[in-house]
Every structure is written in structure tokens, then in C-alpha cells.
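Colleague: I'd like to learn how to read a structure like this one. Could you walk me through some features?

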Amino acid sequence: MFALVVRFDLRDEEAAAAFDALVLRTAPGIRESEPGTLVYATHGIEGEPLARVFYEVYADRAAFEAHEEQPHVKTFLAERGQYLASTRVEFLTEGPAKGLPDGARG
């Protein structure tokens, strides 16, 4: 399993709305054409209207790399910067879990 959490802090409300629209355009491609992407969950943060958190779980590092090469993801990566004040990426280590396929935990 390969997992990460990404926090995006948006510049302002207009940027947040545009970023959310970009995410909505990107998500169908992830759902429909990425079997190695096991979880791709996006969230807002209560009390922080300009923050977004993505939780991503892939079958393995190769599945993550395949995700990064998809046309819909390349578009997201190319366009997101104009909306961001900052980004923080944290790569996760494996631990006890519920809700992930058994094969995702080794």
C-alpha cells in the first residue's frame, strides 16, 4: 500500500471555488480509469473555509505513479497552482486499518 495526505490552502474564496470546480472535473477520471487508486477522498476542514485535505491510498507506489501520469491528473497538477497559497504533502506509513481491501495492507 502507498498512501499520502495533501493539504491545500487556497488564496481566497474565489480561488477556493475555482479549485473545487477543478477537483469536480478531475474526480470522474480517477474513479473511472484508475483501478490502483483504492481511496481518493477530498475534504474541507471545519472552521477553515480556505483549506482542503486529500487522503489518497494506492495499491502500491506503481499505482501512484500511474495516477500521476493520467491526463486528468496532469491537467489538475498544471492548473491547481494558480489557486494555492500553500501545499503540504505527507507520505504515510502503514498501520492498522478498517475499510481498505485486505490486499492493500500487505
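Colleague: What separates R61 and E65 in helix α2?

Modeller: About one helical turn separates R61 and E65, because they sit four residues apart in α2. Keep in mind that this is a predicted model. The general idea first: side chains of opposite charge can pair when their charged atoms come close. Here the side chains of R61 and E65 do meet in a salt bridge, 3.4 Å from N to O. R61 is partly exposed at 46% relative accessibility, and E65 is partly exposed too, at 43%.

Colleague: How many salt bridges are there by this rule?

Modeller: The count comes to seven. One of them joins the side chains of E79 and R25, at 3.4 Å from N to O. E79 belongs to helix α3 and R25 to helix α1, so this pair ties together parts that are 54 residues apart in sequence. E79 is partly exposed at 27% relative accessibility, while R25 counts as exposed because its relative accessible area is 53% and the cut-off is over 50%.

Colleague: Which other charged pairs should I look up?

Modeller: Try E90 and R88, whose side chains form a salt bridge of 3.1 Å, N to O. There is also a network: R7, D9 and E48 are joined by salt bridges that share partners.

Colleague: What about E56: is its side chain buried or exposed?

Modeller: E56 is buried, and it has no salt bridge. The nearest side chain of opposite charge belongs to R80, 7.2 Å away. A salt bridge needs the atoms within 4 Å, so that distance doesn't qualify. E56 does have a polar contact, though: its side chain and that of Y58 are joined at 2.4 Å. E56 is in strand β3, and, leaving out residues up to four places away in sequence, it touches F2, A3, L4, V6, V39, Y40 and H67.

Colleague: H67 is in that list. Which residues of α2 are buried?

Modeller: A63, F64 and H67 are buried in α2. They cover an arc of only 100 degrees around the axis, which puts them on the same side of the helix. The buried residues of α2 pack against β1, α1, β2, β3 and α3. While you're looking at α2, check its start: a side-chain oxygen of D60 reaches to within 3.3 Å of the backbone nitrogen of A62.

Colleague: How do I read a nonpolar core?

Modeller: In soluble globular proteins, nonpolar side chains tend to be buried together. In this model the largest nonpolar core has 17 residues, and those with the most contacts inside it are F8, L10, F19, F54 and F76. At least two residues of this core come from each of β1, α1, β3 and α2. Take F54 as an example: beyond its neighbours within four places in sequence, its contacts include L4, V6, F8, F19, V23 and F76.

Colleague: F54 also touches V5. Where does V5 lie?

Modeller: V5 lies in strand β1, which runs over residues 2-10. At 22% relative accessibility V5 counts as partly exposed, because buried means under 20%. V5 is a nice case of sequence distance versus space: V5 and F91 are 86 residues apart along the chain, but their C-alpha atoms are separated by 6.5 Å. Among the residues V5 touches, beyond four places away in sequence, are V53, Y55, R88, V89, E90 and L92. You've already met two of those, R88 and E90, as a salt-bridge pair.

Methods
Residues are numbered from 1 along each chain as its sequence is written. This is a predicted model: local features need pLDDT of at least 70, side-chain atom pairs count only at pLDDT 80 or more; totals for chains, interfaces and linings use all residues. Side-chain values use heavy atoms; hydrogens and water are left out. Buried means under 20% relative accessible area, exposed over 50%, partly exposed in between (1.4 Å probe, protein chains only). Contact means heavy atoms within 4.5 Å. A nonpolar core is a set of buried Ala, Val, Leu, Ile, Met, Phe, Trp, Tyr and Cys residues joined through side-chain atoms within 4.5 Å. Lys and Arg count as positive and Asp and Glu as negative; His and the chain ends are not counted. A polar contact is a pair of N or O atoms within 3.5 Å; within protein, one must be able to donate a hydrogen and the other to accept it, and residues adjacent in sequence count only if both atoms are side-chain atoms. The arc is that of the directions from the helix axis to the C-beta atoms.
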